[in-house]
Amino acid sequence: MNISVNTQALMSKPKIFVARAIFPEALAKLEESFEVLSNQADRIFTPQELQKALSGVVGALVTGSERIDAGALSEASGLKVVANISVGYNNFDVPAMSTAGVMASNTPDVLTDTTADFGFALLMATARRITESEHWIRNGKWDQWSIVNNPLGMDLHHSTLGIIGMGRIGQGIAKRALGFGMKVIYHNRSRLSEADEKACDATYVSKEDLLRNADHVILVLPYTSENHHMIGAKEIALMKPSATLVNIARGGIVDDLALAQALKAGTIFAAGLDVFEGEPKVNPELLKLSNVVLAPHIASATEKTRRAMVDLAVENLSAALDGKRPPNLINAELFKN
Ligand code: DGY
């Protein structure tokens, strides 16, 4: 295990664990108040290493690559808070954390616009075949590119965008789509208020109607065990052959193998993926295809936003260890004051 210990830390400072590399300024700030065990080498810990790292600390800053469940917590009797540097928290077993009396927090809001921007960027790259075109140039094949009917893309402007998951980020994408003259349809666990629908000019439809009618489908919903593989072969078959599918939500919502097979068969036109089942591994069938744009889970990855996410996670952790309510506490029942 590659953990560095700040030896200058006072013995009396409470111990915390930082599971992945963070900004040096944020680490320095934490070291003012805590003895910090930090994995600045940024290697993903095995479950056993994570369990060991959590034993003997009072708080931890983690990311989606750390699964916090009963096993991880089994030796963490002093642990009070785990702050996720992420809005999604499907890496948390929240009931297990609550049972262990461990506060859980996430980082909503600060990444909404950055993630909505990226959703749109991935949609455009997918529909207009940007990465595929770049590969033609890099492979010295521009002269084989037909000037008139070269591999052609699909329009975004004045097309129909289907958004599945209409939380803050989904609504941000809908508002961007208005600027492209797109018609927006959406599906969500619960329908938006009239005022919110109006602000996005979005129409609520069933999932099936959305898949049948959208020219572009984008997934922006949180992962739960209920929506595992909610987009599989059957759902993809409902989509138009000219349609694109973009997933910026979570791996596991789409059946990646079924998607690869559909892309290969031409069931849909193209896909853009920022998240994958079992990431950082990617289904090898997807890697063989030119009609899929792949990104390594970077939707919130801008300098400003990642700093804001780390700062918010630090604020959540510090509040909990200070006896205050973390601003983004997930298991609210643990804070009674
Ligand atoms: C999030 O915040 O949920 C993003 O996917 C980064 O993990």
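## Exercises on a predicted model

Histidine 297 belongs to the loop that runs between β13 (292-294) and α13 (303-321). The model is a predicted one, and the exercises below begin from this residue.

**Exercise 1.** Determine the sign of phi at histidine 297, and state whether the residue is buried, partly exposed or exposed.

*Solution.* Step 1: phi of histidine 297 is near 55 degrees, a positive value in a residue other than glycine. Step 2: the relative accessible area of histidine 297 is 29%. Step 3: buried requires under 20% and exposed requires over 50%. Histidine 297 is therefore partly exposed.

**Exercise 2.** Carry out the corresponding analysis for aspartate 201.

*Solution.* Step 1: aspartate 201 sits in the loop between α8 (194-200) and β9 (202-204). Step 2: its phi is near 50 degrees, again positive in a residue other than glycine. Step 3: with a relative accessible area of 53%, aspartate 201 is exposed, since that class begins over 50%.

**Exercise 3.** Describe the surroundings of the ligand by residue, class and polar contact.

*Solution.* Step 1: the residues around the ligand are Ser86, Val87, Gly88, Leu111, Arg250, His297, Ser300 and Met309. Step 2: sorted by class, this shell holds three nonpolar, four polar and one charged residues. Step 3: on the backbone side, an N or O atom of valine 87 lies 2.7 Å from a ligand oxygen atom, and an N or O atom of the glycine 88 backbone lies 2.9 Å from an oxygen atom of the ligand. Step 4: arginine 250 places a polar side-chain atom 2.7 Å from an oxygen atom of the ligand. Step 5: on its own, the ligand has 230 Å² of accessible area, of which the protein covers 86%.

**Exercise 4.** Establish the strand order of the seven-stranded sheet and identify its edges.

*Solution.* Step 1: the order is β9-β8-β7-β10-β11-β12-β13, in an open sheet with parallel pairing. Step 2: β9 and β13 each have a single partner strand, so one side of each lacks a neighbour in the sheet, and these two strands stand at the edges. Step 3: from one strand to the next, the twist averages 20 degrees. Step 4: as a detail, β7 (residues 160-164) is joined to β10 (residues 216-219) by four bridges, and the two run parallel. Glycine 162 has valine 217 as its bridge partner in β10.

**Exercise 5.** Locate the cis peptide bond that involves proline 280.

*Solution.* Step 1: the bond joins glutamate 279 and proline 280, with omega about 15 degrees. Step 2: proline 280 is in the loop between β12 (270-273) and α12 (284-287).

Terms used:
Residues are numbered from 1 along each chain as its sequence is written. This is a predicted model: local features need pLDDT of at least 70, side-chain atom pairs count only at pLDDT 80 or more; totals for chains, interfaces and linings use all residues. Side-chain values use heavy atoms; hydrogens and water are left out. A residue is near a molecule or strand if one of its heavy atoms lies within 4 Å of it. A polar contact is a pair of N or O atoms within 3.5 Å; within protein, one must be able to donate a hydrogen and the other to accept it, and residues adjacent in sequence count only if both atoms are side-chain atoms. Accessible areas come from the Shrake-Rupley method with a 1.4 Å probe; for residues, only the protein chains shown count as cover. Ala, Val, Leu, Ile, Met, Phe, Trp, Tyr, Cys and Pro count as nonpolar, Asp, Glu, Lys and Arg as charged, and the others, Gly among them, as polar. Buried means under 20% relative accessible area, exposed over 50%, partly exposed in between (1.4 Å probe, protein chains only). Two strands pair if DSSP finds at least two bridges between them. Axes are lines fitted to C-alpha atoms, for helices over the stretch in contact, and angles run from 0 to 180 degrees between N-to-C directions.
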